[in-house]
Structure formats: structure tokens, C-alpha cells
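Please examine the structure shown below. The paragraphs that follow lead through some of its contacts and its strands.

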Amino acid sequence: MSDKVFTHLHLKWLLILGVITLFPLTQVSAEVVWEEDWEHGPPFDEWIFQAYSYNEVDGFQPNASAAPAVVDGVFKTNALSALFGYWGAQSGAYRNSSVAYGTWSFDWIIEPGVEHESYVNVFFITNKFHEENITGNFAEISHYPNSSGYFLNLQSSPAGPFSTARIRFEQFGTGRIVSQSYNFAGSISGTYHIDITRSPDGQFYVYLNYVNTSTQPIISIKETIITTSETFGFGAWFGDSGIDNISIDNEVVITRTTTATTTTTADGGPGFQFEVLVLSLALLFVTSRKRRS
């Protein structure tokens, strides 16, 4: 074998080896900041479980009858189904969470029957909770004047305070009314997978039972006022919602609700590693052509 041919083959393999080595280093993927499937406890050390009732005389008081529980790997709220609002009971949990841009995913589970009708708030971005809330009650965080954040209001039937089952995006704490709703045709039950994404420019999308890139968001709203988060929490004023498979990412990703799992970038474009591979193969082709001439 001549030195020229040997050098030619040597360069080819070096370039291929370089591509193989570079490929995993240039792969861009989101980071799961934290997740909870309620399978590894108790205790659930990151969480504070809560149960409160309210009346005009005593205000908020602990209420053991509304205490939530983890049953068969699902967090179950335990608010009364016969009463709503301050005269009912609030049941939920919260924990620290600093993600203000990225993806928030969870399952909302409603069992059939009027005793399981659900009204729950999921506060996925929250600030100033501990500074103002002396009692540590997450139920009324949106009413504290200096707290701020975004939440989804989930209602499974007209039995709640509104006339329809719905998912509603809301902002609180900035003195501005920012909201958008998706209404169901009637009462619902079963498991609904919800994904909330927020890109760096403040664009929120809410997806219901995401399947693939053809799935359209049910809510689209752009908000740039609130840029930080300290706490994630949820609480039911009505019924016993199940909340499960919580996953919080620091990038915009969507997880399929089918058996196969994949992720997609915000713009759906090819990853950087694919571009490197194509470029490297093109360079290899050009080099080979030149050495043959």
C-alpha cells in the first residue's frame, strides 16, 4: 500500500472517528430539574402536605378530615365534594421549585361519580409565598398582595364555581388580569395528561393529552412580567383530584402520553448533532473526490 493511499485512508478514518466522538458531545437535551411519581415514599421529604378549612369566625384552621394521601402511587386530594369555597376544605401540597421557563408536566385524574368532581389549582410558578403567608397555607396564595405567579385552574364539572368543566390559565399578583380558558363539552372523568411550556420569550402553551407534533395547544398566551419562581404547589377546594407523574424540565420539551417516549424542540428543527454529522460526511466526500483527481 502506497504512502498516499495509506494517508488517504488514515484521514478518512480520523474524520469518521471525530464525528463519532463529537456526536454525543453536541447532543442538546433538556434537564429534568425534579420529578415526582409518588412511588418512593413516604416520607416525601421535599413536600409539605396541607389540609385546611375556613370560616369567617376562625379563619383558616387545620382540618384533618381533608388530609391528602398517596394511594397506590397517586397523590389524592381530599376536599369535600358537597361544599365549595371558604366553607369547604382545601387539600393539597407544595414544594420548592425555581423553574420559570421550561416544561411542567403532570397527570390530572378524576374518578367517575359526583363524589369525585374536581376543582383544583396547580400553581406551577409562584413567588413570595413564604414571606407573606405566615400560616403556611397554600390555598390562598393568589390573594396575598406581593405574591405573584401563574397557575392552571382545573374544573371537571359544572358543580364547581363556574358553569362548565374547563382548564384555565391565570396570572396573579401583578394587578393585571391575564387569563385564557379551554372548555370541555361536559363533565369529564379519567386521566388527562397536561403539559405547560414556556419559551425564553415568555410564550406559554398548554397541551392536553399530547401525542405528537400535530397536537395543537389548547391555550396559547405570551407573558413576560414574572421571570422567577420559588415554589410549585397545588390544592383542591372541591373533590378529590389525583395528581401524578409530575415532571419539571428547564427546557421546552413534550413527553408523549403513549408508550413510546420522545421529545421535540420548540421549533421542531433538526438537532445540532445532525447538522454536524451531515457537514462531516460532506467534507469526507469532498476530500475523497479531491484525492481521486
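**Salt bridges and a buried strand**

K222 and D201 are joined by a salt bridge, with their closest N and O atoms 3.9 Å apart. This pair links distant parts of the chain, since K222 belongs to strand β14 (residues 219-222) and D201 to the loop between β12 and β13 (203-208), 21 residues apart. The model in which this contact appears is a predicted one. How accessible are the two partners? K222 has a relative accessibility of 48% and counts as partly exposed. D201, with a relative accessible area of 41%, is likewise partly exposed. Both values fall short of the exposed class, because that class requires over 50% relative accessible area.

The count of salt bridges in the model comes to four. Another of them brings together the side chains of K76 and E111, at 3.0 Å from N to O. K76 is placed in strand β5 (residues 74-76) and E111 in the loop between β7 and β8 (119-127), so this salt bridge ties together parts that are 35 residues apart in sequence. Are K76 and E111 buried or exposed? K76 has 14% relative accessibility and therefore counts as buried, the limit for that class being under 20%. E111, at 36% relative accessibility, counts as partly exposed.

A further contact joins the side chains of E170 and R168, with a distance of 3.4 Å from N to O. These two residues do not stand alone, for R166, R168 and E170 are linked in a network of salt bridges.

The description now turns to strand β7. This strand covers residues 102-110, and nine of its nine residues are buried, so β7 is largely enclosed by the rest of the structure. Which strands does β7 pair with? One partner is strand β12 (residues 190-198), which runs antiparallel to β7 and is joined to it by nine bridges. Within this pairing, D107 stands opposite H193 of β12. Another partner is strand β16 (residues 242-249), which pairs with β7 in the antiparallel sense over six bridges. Here T103 has D249 of β16 as its bridge partner. As a general point, side chains in a regular strand alternate between the two faces of the sheet.

Taken together, β7 is a buried strand with antiparallel pairings to β12 and to β16. The loop between β7 and β8 holds E111, the partner of K76 in β5. The loop between β12 and β13 holds D201, which is linked to K222 in β14.

Conventions: Residues are numbered from 1 along each chain as its sequence is written. This is a predicted model: local features need pLDDT of at least 70, side-chain atom pairs count only at pLDDT 80 or more; totals for chains, interfaces and linings use all residues. Side-chain values use heavy atoms; hydrogens and water are left out. Buried means under 20% relative accessible area, exposed over 50%, partly exposed in between (1.4 Å probe, protein chains only). Helices (H or I, at least four residues) and strands (E, at least two) are DSSP runs, numbered from the N terminus. Two strands pair if DSSP finds at least two bridges between them.
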